Amino acid sequence: MDFNLSTISFAAEKNFTPVDPGKVYDVLIIGGGPAGMTAAVYCMRKGVDTAIIIKNIGGQVAETSSVENYLGYKYINGVELVDKFKEQVFQFSIGYEEGQGVTAVTDGDIKSVTLDDGRVLRSRALIIASGKSWKKLGIPGEQRLTGRGVAYCTICDAPLFAGKKVVVVGGGNSGVEAAIDLASVASEVVIVQLMEELTADKILIDKLNSFNNVSMIFSSRVTEIIGEDLVKEVTVENVDTGKSSTVVTDGIFIEIGLDPNSSFASGVVEMNSASEILVDSGCATNRDGIFAAGDVTSVPFKQIIIAGGEGAKAALSACEYILKRN
Ligand SMILES: Cc1cc2nc3c(=O)[nH]c(=O)nc-3n(C[C@H](O)[C@H](O)[C@H](O)COP(=O)(O)OP(=O)(O)OC[C@H]3O[C@@H](n4cnc5c(N)ncnc54)[C@H](O)[C@@H]3O)c2cc1C
C-alpha cells in the first residue's frame, strides 16, 4: 500500500508573477483558502499592488468532498470549487508564492513577512487569512507514522484504505463525516469517541447509521499508535475505568477538530484563548495596517461563504488603509 499523500491537480491556468523580495507591496495576503483568495480578487480589482503567499492552495476546501451550501452551486466538489476560485484570482497578474509557509511577521510602517526558506517580503498592509489545520493528538507514534497509516484528510487519503480496517478518532461532525467517507471504501470503521455518545449533527448520524461496517467505542481515547513502518494497532483507554485495550487496524484518522494557523503572528496581533486573531467588524486587528479574515479569526461560524465575505471585508479595509496613507 502506498501511503504517500495524494496530490491534488488543479486545472486553473496560472497568470501570476513570482513574489519579489526587492519591492514593497501595498498588500501581502497570507493564505490561499476562500478568505485569502477572495481578498486577492478584491485587492486586484482595486488596483493595489498585491502578492499572495499560500502554503497549500485551497486550504480546507481542497479537503472537502462535497459542498452544498455555497451559493451558486447546489452541489460542488471541493477541488472543483478551488479551481473556480483560482480561475478568478489568476485572471490578474498577482504576485504569487505557493508551497511556502509564513514563519514570522513584523509590525511597523512597513510590515515584513518571513517565508520557510528565509526570504523576507515587505508590504504596507497585511491580510492574515491562514485558516485552520487539523488538531493533533500529541500521542506516541502519531508524528512518526503520519503518512504511514496516520491520516487527517479523508478526501486525500480515504482511497488508500480501500478494503482495509480503519479507526476514526472523534465523534463530532469532523469524525462522523470522516467515518461516512471511509465506510464506503474501507472494510471496517471503528469510531473512538471520548464522550458517551456521538455529538455530530443528527443528519450526519442518520447517514452513518445506514452503514453496517461501522462500530463505536465510547468514553475512550487513543493513547498510543503502534507499528514499525506502518500502523498495526492502537491502544485505547476507557476514561471511566482507566482500562486499556488494543485495536488492530491498518490506519487511523484523527478527526478532533482544527487549530488556527496563527502562531507566526503571536506576540504581534491580539488573540483570544483559542489563538484566534481578534478583529473588529472591518477585519482590523489591534495593529495598524494588519487585517485578518476567515477561520483564523475570532469571527463565529467557520464556513466557506463566511470566510469569503470576511476576506472581501479585509481587502476593502486594507485598500482604504493604503489610500488614506497615500
Ligand atoms: C472536512 C471539512 C469539510 C467542510 N465542509 C464545509 C462545507 O460543506 N461548507 C462550508 O461552508 N464550509 C465547510 N468547511 C469549512 C470551510 O472549509 C472553512 O470555513 C473555510 O475553508 C475557511 O477558509 P479560510 O480561507 O479562512 O481558511 P482555510 O480554508 O483553512 O485556508 C487557509 C489557507 O492558509 C494557508 N496557510 C496556513 N498557514 C499558512 C502559513 N503559515 N503561511 C502561508 N499560508 C498558510 C493554507 O495552506 C490555506 O491555503 C469544511 C471544513 C472541513 C475541514
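Me: What makes the approach of N56 to the ligand a polar contact?

Reply: In this predicted model, a backbone N or O atom of N56 lies 2.7 Å from an oxygen atom of the ligand. A polar contact is a pair of N or O atoms within 3.5 Å, so the N56 pair qualifies.

Me: Which polar backbone atom is 2.8 Å from an oxygen atom of the ligand, and which is 3.0 Å away?

Reply: The 2.8 Å distance belongs to a polar backbone atom of D295, and the 3.0 Å distance to one of A35. Each pair therefore meets the limit of 3.5 Å for a polar contact. Taken alone, the ligand exposes 1000 Å², of which the protein buries 90%. Helix 1 (34–45), strand 3 (50–54), strand 10 (132–134) and helix 6 (304–325) are the elements that give two or more residues to the shell around the ligand.

Me: Which residues come nearest to the ligand, and how many are around it?

Reply: There are 32 residues around the ligand, and N56, Q60, N69, V102 and D295 come nearest. By class, the shell has 16 polar, twelve nonpolar and four charged residues.

Me: How do you know whether C319 is in a disulfide?

Reply: The nearest cysteine sulfur to that of C319 belongs to C43 and is 4.2 Å away. A disulfide requires sulfur atoms within 2.5 Å, so C319 is in no disulfide. For C283, the nearest cysteine sulfur is also that of C43, at 12 Å, and C283 is in no disulfide. A search of the whole structure finds zero disulfides.

Me: Why are C283 and C319 called buried?

Reply: Buried means under 20% relative accessible area; C283 has 0% and therefore counts as buried. C319, at 4%, falls under that limit, so C319 is buried as well.

Me: What makes F301 exposed, and S275 partly exposed?

Reply: F301 has a relative accessible area of 66%, over the 50% limit, and so is exposed. S275, at 33%, lies between the limits of 20% and 50% and therefore counts as partly exposed.

Me: What is noted about phi in S275 and F301?

Reply: Most residues other than glycine have a negative phi. S275, however, has a positive phi near 65°; S275 lies in the loop between strand 19 (258–260) and strand 20 (290–292). F301, also not a glycine, has a positive phi of about 70°, and is found in the loop between strand 20 and helix 6.

Conventions: Residues are numbered from 1 along each chain as its sequence is written. This is a predicted model: local features need pLDDT of at least 70, side-chain atom pairs count only at pLDDT 80 or more; totals for chains, interfaces and linings use all residues. Side-chain values use heavy atoms; hydrogens and water are left out. A residue is near a molecule or strand if one of its heavy atoms lies within 4 Å of it. A polar contact is a pair of N or O atoms within 3.5 Å; within protein, one must be able to donate a hydrogen and the other to accept it, and residues adjacent in sequence count only if both atoms are side-chain atoms. Accessible areas come from the Shrake-Rupley method with a 1.4 Å probe; for residues, only the protein chains shown count as cover. Helices (H or I, at least four residues) and strands (E, at least two) are DSSP runs, numbered from the N terminus. Ala, Val, Leu, Ile, Met, Phe, Trp, Tyr, Cys and Pro count as nonpolar, Asp, Glu, Lys and Arg as charged, and the others, Gly among them, as polar. Buried means under 20% relative accessible area, exposed over 50%, partly exposed in between (1.4 Å probe, protein chains only).
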